[in-house]
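Please look through the structure below slowly, one chain and then the other, and keep the sequence at hand while reading the paragraphs that follow.

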Amino acid sequence: MPKAACRFLVTLWGFICLFLICAPSVSFCADIGNCLLCHKYPGLSRVDENGKLRLLYINEAIFNTSMHAKVKCEGCHPDIQKIPHDPAKKVDCLIQCHIVEPSSEQKFSHKDVAEFLKKSVHSPLDADGKPKPFPEDFPDCKKCHDNPLYRPMSFNKMMLPGISVTALGRCRVCHKKDDFIYQFYNHVTTRLRRSRNPKNIAESCARCHDNPILMKRHNLSTKAVYSYGESFHGKAATFLDERIPDCLDCHVNPGESVHQMLGYKNPQSAVSAQNKGRICANAECHPSATPKMAEYKVHAEFNLNQSPVRYYFTVFFIALTGGTLLPLMGIIFLDCLRRLFPNTVLIQRKKKHE
Amino acid sequence: MASSSRVVTKIAAIFSKSRSDNEDYFTEVEGVGRIPRDIYKHVTSNPFGDLPRYSPHIVTQHFIIFVTFLILAATGVPIYFSDLFWAHYVIGLFGGIDLARQIHRIAAMVMMAASAYHLVTVIGGTISKLIKKEFDIKRTQIPRVKDLFDLIHDFRYFLGLEPYRPKMEKFMYKQKLHYLAILYGSFVLMAAGSALVFPDSLAKLFSETIGKVWPQAMGSESVSTFFQDLARLMHADEAVMALIVLAFWHWTNVHFVPGRFPVQWTFLTGRITREHQIEEHFLEYIRNLKEIPAEREYMRNLLQQIESESLQQEG
């Protein structure tokens with residue numbers, strides 16, 4: 001082989017090695033704008049105008065397993081047109097991003113969800129389109145949502161966690177691109193159920209519904225998530241039980257978008273007096289339950305006005321426990337004292353012969 | 001040899017001194033002699049027990065209930081205190097909340113079976129004794145007025161106002177109180193626990209029974225709803241109370257007080273030490289003297305030894 005050809009092959013081999021070393025391990029990130037050039041550094045942050053520290057680091061590995069992994073950075077941050085860029089505007093979830101929705105072949109947007117939200121109890125506008133009191137208290141998209149990670153189906157199905165290799169094999173029969181298969185496998189299996197566990201959902205609702213100032217402003221007497229946590233469902237949720245009902249299971253009509261949540265006074269609401277009896281009998285919960293079961297108070301609190309049963313009963317048990325234990329412990333204390341000082345007498349008894 | 005002589009001398013001194021203190025100090029037993037109230041301080045005892053107290057049935061029942069109670073507490077308390085950091089570790093030990101719930105329910109069923117076994121033993125034993133005309137209410141857990149007097153007497157003794165403890169029966173006031181509390185607590189825990197396992201059945205049961213008699217109470221709540229909620233709340237609160245009473249009252253009384261520490265073996269052997277029997281169950285000991293010839297012989301010899309030491313002292 002000529003010397004020049006050898007030199008060429010060695011150089012080519014060197015470039016190939018360099019490429020392999022530098023190439024990212026996973027290649028389906030949508031970072032076409034090369035934003036990670038800067039945002040890959042963990043220390044990247046700044047203090048904003050309000051004095052709040054804003055962390056600007058993007059963990060590529062985690063982002064790639066999130067639901068928005070295929071959305072280009074510009075999809076959510078369309079105001080960024082150059083590098084280095086000016087401070088980015090807040091993300092608006094209702095804009096059209098660069099994903100094409102496969103069934104309609106239209107550019108995707110969350111606008112439909114906003115329409116649902118408008119009709120729900122969480123809308124800042126009332127039925128006449130007038131602002132409700134304290135409209136700023138009502139949640140927008142980012143109040144409840146972040147960028148959730150994919151949770152493949154096997155997590156729920158007593159199989160090995162992660163992507164099922166066997167299932168991927170079936171996908172490959174028809175679909176050729178692995179990137180596509182991974183993306184849709186994750187998407188479909190994640191969306192077959194909630195992307196968050198019951199505890200996480202309850203915590204999300206608690207941001208407002210356990211805030212006493214917000215509750216007082218909107219004339220709500222219940223610390224809903226706290227009282228849910230006192231129920232068995234809430235306790236199981238604390239232990240990360242995935243099968244336990246969370247807020248959405250009871251407060252949303254089956255088959256409807258969770259964004260269409262209605263107030264309990266609305267006759268169409270899942271928790272209205274008319275519909276409440278059907279909550280527990282959900283096919284996935286207690287299918288044979290009668291309406292009587294839904295009469296249990298899920299949100300009972302230690303509050304005389306809100307739940308007299310719980311209030312009086314708790315007071316009774318505190319009194320019973322204290323009233324039982326303290327005298328008993330008193331007797332034990334005196335017993336122990338007497339055993340330690342057996343010959344001590346407070347009053348000397350008169351002897352008969354005296 | 002010298003130390004045993006000193007002990008006997010001391011006993012004799014107490015013997016002669018106390019004789020004039022109180023007429024109740026001595027109890028005359030035919031064929032044995034006059035037994036001083038504080039003889040328990042001077043008897044020898046086998047730590048595993050000298051005298052019969054519980055039948056093998058009761059020992060078995062206690063053991064099952066003791067083990068299942070600990071399992072129920074270990075799987076139930078972390079659920080009640082789910083927001084505390086340690087609860088997650090304890091539930092993790094049981095393989096997660098799903099498995100912990102199943103273990104809790106199985107342990108509850110075993111405990112209920114042991115409770116049923118206990119009721120059969122007690123009721124069956126009582127009927128058998130009634131037929132044989134051997135039933136004696138004084139040897140049962142049934143409360144009597146005497147228990148109240150015993151409590152007052154004991155309280156005065158603890159304060160130093162009485163020189164000796166009261167002469168109590170096979171079951172003293174503490175044990176009767178505890179037994180009644182267990183009867184009440186077990187019923188509450190089982191009923192309320194069933195309300196958790198069968199929520200719909202209990203909901204229907206209350207509405208179809210109590211609810212029909214008194215349909216409205218507590219404002220808008222029906223009485224059936226009231227009882228449904230009550231049953232659910234009672235389980236955890238009663239269980240916590242039972243656990244506290246067990247840990248601070250039962251275990252202290254039985255195992256941790258001076259003289260019993262570190263453990264009283266009665267719960268396994270079914271036998272009580274002589275010293276304990278005489279101190280806290282004096283009247284039962286007197287019955288034992290009449291029923292057990294070997295014990296009668298032991299006590300007779302001890303009294304003779306003390307009497308001779310006393311005479312030597314006086315001489």
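In this predicted model, buried residues account for 15% of the 354 residues in chain A. Chain A contains 14 helices and 4 strands, and when one considers its contacts between residues at least 6 apart in sequence, 44% of them join residues that are at least 24 apart.

Chain A also meets a partner, for 43 of its residues are in contact with 40 residues of chain B. On the side of chain A that touches chain B, the elements giving two or more residues are α12 (232-238) and α14 (308-340) of chain A, and the largest share, 19 residues, is the contribution of α14(A). Sorted by chemical character, the residues on this side of chain A comprise 23 that are nonpolar, 8 that are polar and 12 that are charged.

Turning now to chain B, which residues of helix α12 (residues 282-291) are buried? They are B:F282, B:E284, B:Y285, B:N288 and B:L289, and because they cover an arc of only 155° around the axis, they lie on the same side of α12(B). A general property of helices helps in reading such a pattern: an α-helix has 3.6 residues a turn, so residues three or four places apart point the same way.

What, then, covers the buried residues of α12(B)? The covering elements include two strands of chain B, β1 (26-29) and β3 (51-52), together with the helices α11 (274-280) and α13 (293-314) of chain B.

Methods. Residues are numbered from 1 along each chain as its sequence is written. Chains are lettered from A and ligands numbered from 1 in the order in which they are written. This is a predicted model: local features need pLDDT of at least 70, side-chain atom pairs count only at pLDDT 80 or more; totals for chains, interfaces and linings use all residues. Two residues are in contact if their C-beta atoms, placed from the backbone, lie within 7 Å. Ala, Val, Leu, Ile, Met, Phe, Trp, Tyr, Cys and Pro count as nonpolar, Asp, Glu, Lys and Arg as charged, and the others, Gly among them, as polar. A residue is buried if 20 or more other C-beta atoms lie within 10 Å of its own, exposed if 12 or fewer, and partly exposed in between; C-beta atoms are placed from the backbone. The arc is that of the directions from the helix axis to the C-beta atoms.
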